[in-house]
Each structure stands twice: as C-alpha cells, then as structure tokens.
Amino acid sequence: MKQIIQRYPIWSFLIINYAISWSFLYPSYQLILAHDGITPLALIGFIGAYGPSIAAIIVQSILDKEKLNPLLRSLIRIKTSWQVILFVLIVPILLYVLAYLMSATFLGGNLSFSWLAGLSSLPLWVLLALPFGPMGEELGWRGFLLPKLLARYSIFKSTLLVGLAWGVWHMASFTFPGAALPSFFEVSIWTIFLYFLNTIGLSFVFTYVHLQTNGSTFYAILLHAFFNVSSNVVVGLFGETDHFPLLLSSYVINFILAAICGYVMVNRHSAQKSSMIT
C-alpha cells in the first residue's frame, strides 16, 4: 500500500479522498431526505466533508512526513499583500453584485437596495460557511493536489485537472437539492455540464490566489467561503429575484474572471521563464 501511494500520490489522494467523502456524504444526505430533517446520525456527513483534507494528510504522511508540517502550516500562512486580501474579500461579492445587476437589467428583477440588510449579515454567513466546504476541502485541493500537479504540468493543465477533480468530488452531493447543484436545478447532463464549467472556471481564480499568496491554504479557505456566501449577501442587499437568470449571470461573470486570471498567470509565467533564459 505504501509503495503504491509513493508511486501514484495524486491518484492515491483522489481515491482515498473520494472513498472517504462519498462513503459518508451520500448516506448522510439520504438520512436527511428520509427523515425530512437533520438527525444525529446524519452528522456523519461532516466526516465526508473533510475527505479532501483527511486524504491529503494521509498521503503526505506516507510520502514524506517532514513535508506534512509545511502543508499544515499553509493553513496559517497569512502574510501577503493588501491587494490580494482585498481581492479575496471583495471580488466574490462584487462579481455576484454584477451578476445581479446583469440579471435585473436584461432579464427583469428587483433593484431595491439595503446596505444594512446585506452587509450586516456577511460575518455570520462567512462563519456558517467555513465548516461546510472551505475548511474541509482546501487543504486537499489547493494545499496538496494543486502543488503536486504544478510540479509536473503547466499552470493551465494543473488548474484544469484540479477543477475536474473538484467537480467529480461533488457528485455525491448531486443527490441532495442545494448541496452542490442549486435546489431549483434538476439533475441532468445540462445542469451538471454548467456546474463543471463553473467549477473549472473558479479553479483558475483559486490558482491565481494560490500563486499570489505563496501557496496559502488560509486564503484559499477564505476565498471559498466568500464565494459560497456571496449569493446570500447580494440577495440581502438587493432583495429576492428569479434565481435561475441570476445563477446563469454569475456563471458568465465567474468565467470572465477565470479567463482574466488564467491569462495573467500564463503570461506572467512565460515572462518569468523568458527572463530566466536571458
């Protein structure tokens, strides 16, 4: 087993990750659906939510225990520029504001506005979001998997692969309305395609922050949390609207940001390689 993990660390991480997560998440969701509410036994889903982090710790411990501490320290690596901090804190919500305005302008919707209702709820939404996804996933995706892929492949390919792996991981959550796919989406090839497209797009944003923060998992967790709560905060700012056009608008804007981040990363990397050659 140890030799297999050392020979195939990326595949080992993915298999252990999916095995842990799916084994706990799927039964948890089914229990909640069967009882029409959360039961004590359904809380086993928390274990599944932390599958990526657990798998990262297991595989890194077997690969090289000395590198486990740097991996864990990335959780508290907070030194970075103020521009990156503002990017992490503001951009996810700003993108959803733009999506809301696009949706309301071109597809119809409300434009009532309340600073107090929207921003006052932000700290609570972030605190609630942190344990459900960001803290359980990012040590695995951006702390372990992304650096391993970047050591082998280009920025573009590495980011694409993380996005795909991240999307596949959520497949168990497709069985529970609202856990991954929005509750108003039916599970279909079309909705799953949209979900994967958005996940891969967001992966480029996360890679950009990863590179800008010297591999900080702390900022990956924070970015993940702010993306997760942005819809709630913006709906609090502007009021309820038709969720489907709002979601599609957010997907479009997220993909535009992803393209910008990808362009900046690839060109910066090419410039760095050129300067090293000369």
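**Exercise 1.** In this predicted model, find which residue forms a salt bridge with Arg 142, and state whether each partner is buried or exposed.

*Solution.* Step 1: the side chain of Arg 142 meets that of Glu 138 in a salt bridge, at 2.8 Å from N to O. This lies within the 4 Å cut-off, and the count by this rule is one salt bridge. Step 2: the two residues are four apart in helix α9, so about one helical turn separates Arg 142 from Glu 138. Step 3: buried means under 20% relative accessible area. Arg 142 has 1% and is therefore buried; Glu 138 has 0% and is buried too.

**Exercise 2.** Determine how helices α2 and α9 are oriented to each other.

*Solution.* Step 1: α2 covers residues 9–35 and α9 residues 134–150; their axes are 10 Å apart, at an angle of about 155°. Step 2: angles over 145 degrees count as roughly antiparallel, so α2 and α9 fall in that class. Step 3: the crossing of α2 past α9 is left-handed.

**Exercise 3.** Classify Leu 94 by exposure and name the surface patch residues it belongs with.

*Solution.* Step 1: Leu 94 is in helix α6, residues 82–107. Step 2: its relative accessible area is 43%, so Leu 94 is partly exposed. Step 3: Leu 94 forms a nonpolar surface patch with Trp 82, Leu 86, Leu 89, Ile 90, Leu 98 and Leu 101. Together these residues have about 620 Å² of accessible area.

**Exercise 4.** Compare the sequence and spatial separations of Ala 49 and Ser 173.

*Solution.* Step 1: Ala 49 lies in helix α3, residues 45–49, and is buried at 14% relative accessibility. Step 2: Ala 49 and Ser 173 are 124 residues apart in sequence, but 10 Å apart in space from C-alpha to C-alpha.

Terms used:
Residues are numbered from 1 along each chain as its sequence is written. This is a predicted model: local features need pLDDT of at least 70, side-chain atom pairs count only at pLDDT 80 or more; totals for chains, interfaces and linings use all residues. Side-chain values use heavy atoms; hydrogens and water are left out. Patches are made of residues with over 30% relative accessible area and no salt bridge: like charges are joined within 9 Å, nonpolar side chains (Val, Leu, Ile, Met, Phe, Trp, Tyr) within 5 Å. Accessible areas come from the Shrake-Rupley method with a 1.4 Å probe; for residues, only the protein chains shown count as cover. Buried means under 20% relative accessible area, exposed over 50%, partly exposed in between (1.4 Å probe, protein chains only). Axes are lines fitted to C-alpha atoms, for helices over the stretch in contact, and angles run from 0 to 180 degrees between N-to-C directions. Angles under 35 degrees count as roughly parallel, over 145 as roughly antiparallel, 65 to 115 as roughly perpendicular and the rest as oblique. A crossing is left-handed if the near helix is turned anticlockwise from the far one by less than a right angle, and right-handed if clockwise.
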